[in-house]
Amino acid sequence: MATGNIKPIDRTSIHKICSGQVVLTLAIAVKELVENSIDAGATSIEVKLEEYGSKLIEIIDNGKGVKACDFESLTLKHHTSKIADFADVPFVSTFGFRGEALSSLCALRYRIYYF
């Protein structure tokens, strides 16, 4: 199973995985971000909403964070550090494919900050 740097998923696997996450509500957006915190090993998570989330959603946690070398790939569609190909999917022990959720959120023009 793949671990380490964030990289693109191969095209064959992309078509096998339902990767088109749709963020329809504020609750789903917050859920995705909180799951990212949990996946990062956070034991403390603070959620802040500005104007009920229409202006800002901020998640502050004490998780391990993202490597600086992965910042450029962090929100690209079909990029993840969780799998290398479709065969790895049954072995994923986290909430999901972080890049898929973040790219969907970014498409909605949410400002996402990582501390």
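What follows is a walk through the fold, core, hairpin, surface patch and salt bridges of this predicted model.

Starting with the overall layout, the protein chain has 3 helices and 4 strands, and read from the N terminus these elements run β-α-α-β-β-β-α. Of its 115 residues, 37% count as buried. Contacts reach far along the sequence: taking those between residues at least 6 apart, 64% join residues at least 24 apart. On the outside, the protein chain exposes about 7100 Å², and 58% of that is supplied by carbon and sulfur atoms.

Moving inside, the largest nonpolar core has 9 residues in all, namely Ile6, Ala29, Val30, Leu33, Ile57, Ile59, Leu74, Leu102 and Leu105. At least two residues of this core come from each of helix 2 (26-39), strand 3 and helix 3 (98-107). Helix 2 makes the largest contribution, with 3 residues.

One long-range approach involves Asp10, which sits in the loop between strand 1 (7-8) and helix 1 (11-16). Aspartate 10 and aspartate 85 are 75 residues apart in sequence, yet their C-alpha atoms are 6.4 Å apart in space. Leaving aside residues up to four places away in sequence, aspartate 10 touches Ala84 and Asp85. Even with these neighbours, aspartate 10 remains partly exposed, at a relative accessible area of 30%.

The hairpin of strand 2 and strand 3 comes next. Strand 2 (residues 45-50) and strand 3 (56-61) pair in the antiparallel sense over 6 bridges. Across this pairing, lysine 48 stands opposite glutamate 58 of strand 3. The hairpin has 5 residues between its strands, and glutamate 51 takes a positive phi near 55° there. Tyrosine 52, in the loop between strand 2 and strand 3 as well, also has a positive phi, near 60°, without being a glycine. Such values catch the eye because most residues other than glycine have a negative phi. Both residues are out in the open: glutamate 51 has a relative accessibility of 52%, so it counts as exposed, and tyrosine 52 is exposed with a relative accessible area of 78%. A salt bridge belongs to this region too, formed by lysine 55 and glutamate 50, with the closest N and O atoms 3.4 Å apart. Lysine 55 is partly exposed, at 45% relative accessible area, and glutamate 50 likewise counts as partly exposed, at 32%.

Strand 2 also shows up on the surface. Ile38, Ile45, Val47, Leu49 and Phe95 make a nonpolar surface patch of about 410 Å². With 3 residues, strand 2 gives the most to this patch. Valine 47 is found in that strand. Its relative accessible area is 40%, so valine 47 is partly exposed rather than buried.

That leaves the charged pairs. In general, side chains of opposite charge can pair when their charged atoms come close. The structure holds 5 salt bridges, including the hairpin pair of lysine 55 and glutamate 50 described above. Another joins lysine 31 to glutamate 35, with the closest N and O atoms 3.2 Å apart. These two residues are 4 apart in helix 2, so about one helical turn separates them. Their surroundings differ in accessibility: lysine 31 is partly exposed, with a relative accessible area of 38%, whereas glutamate 35 counts as buried at 15%. The pair is also part of a wider arrangement, since Lys31, Glu32 and Glu35 are linked in a network of salt bridges.

A further salt bridge pairs aspartate 39 with lysine 82, their closest N and O atoms being 3.0 Å apart. Distant parts of the chain are linked here, as aspartate 39 is in helix 2 and lysine 82 lies 43 residues away, in the loop between strand 4 (79-80) and helix 3. Aspartate 39 is buried, with a relative accessible area of 16%, and lysine 82 counts as buried as well, at 10% relative accessibility. With the cut-off for burial at under 20%, both partners of this salt bridge fall on the buried side.

Terms used: Residues numbered from 1 in each chain as written. Predicted model: local features only at pLDDT ≥ 70, side-chain atom pairs only at ≥ 80, totals over all residues. Heavy atoms only, no water. Patch = residues over 30% accessible without salt bridge, like charges linked within 9 Å, V, L, I, M, F, W, Y side chains within 5 Å. Areas by Shrake-Rupley, 256 points an atom, 1.4 Å probe, with all protein chains shown as cover. Salt bridge = Lys/Arg side-chain N within 4 Å of Asp/Glu carboxyl O. Buried < 20%, exposed > 50% of the residue type's maximum accessible area, 1.4 Å probe, protein only. Pairing = 2+ DSSP bridges. Core = buried A, V, L, I, M, F, W, Y, C linked by side-chain atoms within 4.5 Å. Contact = heavy atoms within 4.5 Å.
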